[in-house]
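Please open the model in your viewer and keep the sequence panel beside it. The tour below moves from one selection to the next and says what is to be found at each.

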Amino acid sequence: MKIINSKTHAVLDYLMVMILLVSPNLFDLGEKASLLCYTLGIIHFLLTICTDFSAGIFKLIKLKLHGLIELTVSILLMVLAFTVFGDNLNEEIYFACLSLLILFIFLLTDYNKKPS
């Protein structure tokens with residue numbers, strides 16, 4: 001069941017950017033994990049402002065491609081959680097949870113309909 005429309009997804013995207021940018025201090029992440037969070041935050045911001053939906057400024061990227069990028073990031077974060085960050089339980093849990101959050105948003109978003 002797709003309960004998130006593109007307008008709500010846009011709001012969630014900007015919240016995700018904020019989460020990514022404050023997480024290193026909030027969760028006491030190490031240097032490598034912090035760098036990944038800041039990088040993902042900037043990339044997600046750029047992705048959001050370049051997507052063809054209500055929050056997009058430049059509207060260069062189709063919403064479906066936006067969703068596929070988020071799905072890919074979710075999968076990669078889960079892999080990273082248990083490999084690169086597997087030796088630090090705090091970072092492992094953080095990236096696994098972040099991965100699941102992005103995955104749930106992907107699964108619940110209707111990428112086909114424009115909001116009415």
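Contact here means heavy atoms within 4.5 Å, while helices (H or I, at least four residues) are DSSP runs, numbered from the N terminus. This is a predicted model, in which local features need pLDDT of at least 70, side-chain atom pairs count only at pLDDT 80 or more, and totals for chains, interfaces and linings use all residues. Residues are numbered from 1 along each chain as its sequence is written, and side-chain values use heavy atoms, with hydrogens and water left out.

Select residues 89-108, which form helix α4. The expected span of a helix is 1.5 Å times one less than its number of residues, so the 20 residues of α4 should span 28 Å, and the end C-alpha atoms, 28 Å apart, agree with that.

Within α4, next colour the buried residues (under 20% relative accessible area, with exposed over 50% and partly exposed in between; 1.4 Å probe, protein chains only); among them are Tyr-94, Phe-95, Leu-98, Ile-102 and Phe-106. Adding α1 (6-26), α2 (31-49) and α3 (63-82) to the view shows the helices against which the buried residues of α4 pack.

Move to Asn-88, which caps the N-terminal end of α4 through a side-chain oxygen that lies 3.0 Å from the backbone nitrogen of Asn-90.

Finally, visit two loops. In the one between α1 and α2, select Asp-28, a residue other than glycine whose phi is nevertheless positive, near 50°; Asp-28 is exposed, with a relative accessible area of 64%. In the loop between α2 and α3, select Lys-59, where phi is likewise positive, near 55°, and the residue is partly exposed at 40% relative accessible area.

Key. A polar contact is a pair of N or O atoms within 3.5 Å; within protein, one must be able to donate a hydrogen and the other to accept it, and residues adjacent in sequence count only if both atoms are side-chain atoms.
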